[in-house]
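Colleague: I have a new model open and would like to learn how to read it feature by feature. Could you walk me through it?
Modeller: Gladly; let us look at it together.

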Amino acid sequence: MGFIELNVLNNAAQNVALGIDLGTTNSLGAMWKDGRPIVLHPEGDSGYVPSAIHFPEKGMPAVGRRARELALVDPAHTLFSIKRFMGRGLAETREDAASVPCPLSENENGVVQFEMRGRKFTPQELSALILMKVHDQACKALGGIEVTKVVITVPAYFDEAQRQATRDAARIAGLDVLRIINEPTAASLAYGLDKRKQGNVAVYDLGGGTFDVSVLRIEEGVFQVLATHGDTHLGGDDFDRALVEVARKELSALLAPNVLEDRAFLQSLRLAAEKCKIELSNAPEAYMHLAMPESGVQWRRNFTRGEAEALWAPLIERTLHSCQRALADAKLKVAQIDEVVLVGGSTRIPAVRERVERFFNRKPHVELNPDEVVALGAAVQAHVLMGGTREVLLMDVTPLSLGLETMGGAVAKIINRNSTIPCQATEGFTTYADNQTGIEFHIVQGERELAKDCRTLGRFKLSGIPPMPAGMPKVAVRFHIDANGMLTVTAKEESTGKSARIEVQPMNGLTDAQVESMLNAAYRHARDDFDARRAADLRTEIGVMVRATERGLGHAAGQLDRETMLDIQDALVAGRAALEGALPDATTLQRVRDQLERATLPLAAALMDSVAKAALSGKKLSEV
Ligand code: AMP
């Protein structure tokens with residue numbers, strides 16, 4: 001009897017995971033197959049999903065290539081570059097809002113919303129549509145196998161809120177995120193640089209709309225981000241724009257002003273410029289060609305590579321300036337960089353390659369497709385996380401310190417900037433007022449000494465603390481950053497076990513430029529901040545001393561002589577004055593604090609006496 005081989009198709013693949021590059025311009029999925037990562041694309045398709053969404057009058061939004069086509073005829077209902085809005089509030093997106101064709105608003109959580117055709121969408125929901133499209137394409141390429149586990153890449157400068165927004169997008173898309181990894185780390189993985197025993201890598205990523213450079217250290221297969229720098233508004237689009245500007249100047253003599261400002265005309269011009277730019281990467285000269293029969297436009301213009309490169313030179317110099325800054329931040333010299341990796345479609349421009357090679361004095365890795373390298377690296381990581389055999393550990397750092405606002409407005413830093421993640425730290429806190437049954441925690445990010453100068457990440461409250469004198473309850477606050485950079489803060493009161501926690505919500509995001517400006521501000525204000533911090537701490541201390549003195553007088557006033565009582569009253573008046581109104585300077589506060597300490601010494605002695613007597617007679621202090 002013969003056996004018939006059954007080819008049972010298991011639709012839900014359990015042991016495989018996708019790597020997804022969720023890009024500003026394009027997104028892409030990849031997977032480990034037959035010993036290497038490959039891009040997943042259905043037959044006859046590149047697999048790239050343009051990160052664009054079109055909203056038709058009726059029916060489902062179009063995502064990807066179709067959306068980009070529809071943008072030509074209906075730009076007012078097409079969204080691009082949604083990644084720029086991930087994890088950000090309205091106030092932080094003003095610069096980007098100008099290029100959005102629809103109104104923006106903010107929901108109750110401070111998340112930006114796009115208002116399209118009478119409906120509101122968060123960046124997370126829109127990114128979910130893109131992720132679903134990438135996932136769909138990938139599953140099609142796999143012959144209908146359903147893979148739900150994914151590794152998604154984000155820029156190294158993404159903060160917790162932006163990473164959380166990315167996770168939320170995946171959750172909305174029904175995907176299970178194994179890990180969020182940094183794009184430069186992914187690119188290095190794709191080139192197998194994790195196999196190096198040690199070394200420093202510069203990853204230069206020039207995409208369609210953004211540029212960043214990251215310096216990574218590899219040690220025994222472990223990656224650490226040493227520094228990152230860049231410009232979130234510099235990319236291939238600017239190279240296109242340089243050609244568009246030339247064309248517009250020359251066309252202004254031929255066309256009516258209303259045509260020159262028309263959105264659809266500008267979009268066609270931009271596409272013609274991009275096509276010409278791409279041709280110039282392979283040929284010494286190329287034509288920019290514009291045909292709009294409906295407007296009677298038929299125009300052609302020749303660009304030589306030399307002419308285009310002259311227009312682009314300032315843009316390339318800006319990227320090299322960022323490279324210089326990243327090296328300085330990483331405290332490395334050019335000669336200490338062992339590998340250079342090029343990422344992003346715009347690194348195909350020969351002038352970019354030449355300048356980067358000259359800057360680093362070394363040939364960059366260009367063997368892999370620069371548009372695919374991040375997705376391929378994500379696939380390597382996905383493979384490893386599913387138990388595959390490439391030993392890789394990831395180590396990234398927190399770009400800014402994380403802490404809590406303490407009484408008086410100062411910041412208690414719990415996790416310091418540049419801590420390697422995953423990491424955790426716990427600190428003890430207590431109540432400030434008697435019988436306080438709740439504590440509000442204000443989580444802040446930044447290097448400044450006062451909470452008001454840092455960035456708010458979230459607030460939460462621990463209630464149900466039993467009434468006790470100030471300073472008695474013990475509350476342990478734990479900060480934990482997981483391997484994806486997600487921050488969880490947990491507060492637990494020891495006597496009752498009552499606890500509360502928060503995962504930092506995607507309120508607002510940060511660009512790398514903002515991180516840098518926060519660091520610069522901390523540096524500039526270091527001296528003033530030191531004084532302000534000292535003043536805030538002194539004021540808190542004075543508050544505690546005033547209340548303790550008032551309480552102490554209730555117990556032991558009768559045992560003090562008139563002069564001591566007058567000294568204490570004077571010190572209390574000065575102390576209470578220091579607690580009201582604007583924060584006095586640290587020197588004044590120090591004087592008030594010392595005055596209080598001096599004046600209350602006899603009171604402390606009398607109280608100690610009462611305590612000793614009470615102990616001897618078996619009474620509790622509260623009964624004295
Ligand atoms: P990315 O976001 O990494 O996919 O990069 C997209 C950018 O790369 C767009 O600005 C493209 O115009 C640009 N690009 C793609 N191919 C080339 C090429 N051969 N030469 C120059 N720029 C290119």
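Colleague: Let me start with a single residue. In which helix does alanine 190 lie?

Modeller: Alanine 190 belongs to helix H5, which covers residues 183-190. Keep in mind as we go that this is a predicted model.

Colleague: Is alanine 190 buried or exposed?

Modeller: Compare its relative accessible area with the cut-off: buried means under 20%. Alanine 190 has 16%, so it counts as buried. Leaving aside neighbours within four places in sequence, its contacts are Leu368, Val373, Leu376 and Gly377.

Colleague: Which helix do I meet if I follow those contacts to Val373, Leu376 and Gly377?

Modeller: You arrive at H11, where Val373, Leu376 and Gly377 are among the buried residues. Helix H11 runs over residues 373-385, and its 13 residues reach 18 Å from the first C-alpha to the last. That is close to the 18 Å expected at 1.5 Å a residue.

Colleague: How many of the residues of H11 are buried?

Modeller: The count is 12 of 13, so H11 is largely enclosed by the rest of the structure. Beyond the three you followed, the buried set includes Gln381 and His383. After H11 comes glycine 387, with a positive phi near 95°.

Colleague: Which residues other than glycine have a positive phi?

Modeller: The general idea is that most residues other than glycine have a negative phi. Here, two cases to look at are arginine 117, with phi near 50°, and asparagine 435, with phi near 55°. Arginine 117 sits in the loop between strand S9 (112-116) and strand S10 (119-121). Asparagine 435 is in the loop between strand S23 (423-429) and S24.

Colleague: How accessible are arginine 117 and asparagine 435?

Modeller: Arginine 117 has a relative accessible area of 36%, so it is partly exposed. Asparagine 435 is also classed as partly exposed, at 48%. For an exposed residue, turn to arginine 36, whose relative accessible area is 52%. Arginine 36 is part of strand S3, residues 36-39.

Colleague: How should I compare sequence distance with distance in space?

Modeller: Put the two values side by side for a chosen pair. Arginine 36 and lysine 363 are 327 residues apart in sequence, and their C-alpha atoms are 24 Å apart in space. For alanine 190 and aspartate 329, the separation is 139 residues along the chain and 25 Å between C-alpha atoms. Over the chain, 65% of the contacts with a separation of 6 or more are between residues 24 or more positions apart.

Colleague: Which helix can show me how packing is read?

Modeller: Try helix H8, residues 263-280, where 18 residues reach 26 Å from first C-alpha to last. This is close to the 26 Å expected at 1.5 Å a residue. Its buried residues are Phe265, Gln267, Leu269, Ala272, Ala273, Cys276, Lys277 and Leu280. They pack against several elements, including helix H1 (65-73), helix H6 (236-251), strand S17 (297-304) and helix H9 (305-330).

Colleague: What happens at the start of H8?

Modeller: There, a side-chain oxygen of aspartate 262 comes within 3.1 Å of the backbone nitrogen of phenylalanine 265.

Colleague: And how do I read empty space?

Modeller: Rolling a probe the size of a water molecule over the atoms shows where empty space is left. In this model, the second largest pocket has a volume of about 860 Å³. Its lining has 31 residues, with Thr430, Thr431, Tyr432, Ala470 and Gly471 nearest the centre. Strand S24 (438-445) and helix H13 (526-556) are the elements giving two or more residues to that lining. The most comes from H13, with 8 residues. By type, the lining of this pocket has 12 nonpolar, 13 polar and 6 charged residues.

Colleague: How many cavities of 30 Å³ or more does the structure hold?

Modeller: There are 3, and the largest cavity has about 40 Å³ of space. Among its lining residues are Leu22, Thr24, Lys83 and Ile130. That lining divides into 3 nonpolar, 4 polar and 1 charged.

Colleague: Finally, what does the chain look like as a whole?

Modeller: It has 16 helices and 28 strands, and its C-alpha atoms fill a box of roughly 100 × 85 × 55 Å along the principal axes. Of the 624 residues in the chain, 52% are buried.

Key. Residues are numbered from 1 along each chain as its sequence is written. This is a predicted model: local features need pLDDT of at least 70, side-chain atom pairs count only at pLDDT 80 or more; totals for chains, interfaces and linings use all residues. Side-chain values use heavy atoms; hydrogens and water are left out. Helices (H or I, at least four residues) and strands (E, at least two) are DSSP runs, numbered from the N terminus. The expected span of a helix is 1.5 Å times one less than its number of residues. Buried means under 20% relative accessible area, exposed over 50%, partly exposed in between (1.4 Å probe, protein chains only). Contact means heavy atoms within 4.5 Å. A polar contact is a pair of N or O atoms within 3.5 Å; within protein, one must be able to donate a hydrogen and the other to accept it, and residues adjacent in sequence count only if both atoms are side-chain atoms. On a 1 Å grid over the protein atoms alone, a cavity is a set of points where a 1.4 Å probe fits but cannot get out, and a pocket is an open set with protein on both sides within 12 Å along at least five of seven lines; lining residues have an atom within 4 Å of a point. Grid points are joined across faces, edges and corners, and a volume is the space filled by probe spheres set on the points. Ala, Val, Leu, Ile, Met, Phe, Trp, Tyr, Cys and Pro count as nonpolar, Asp, Glu, Lys and Arg as charged, and the others, Gly among them, as polar.
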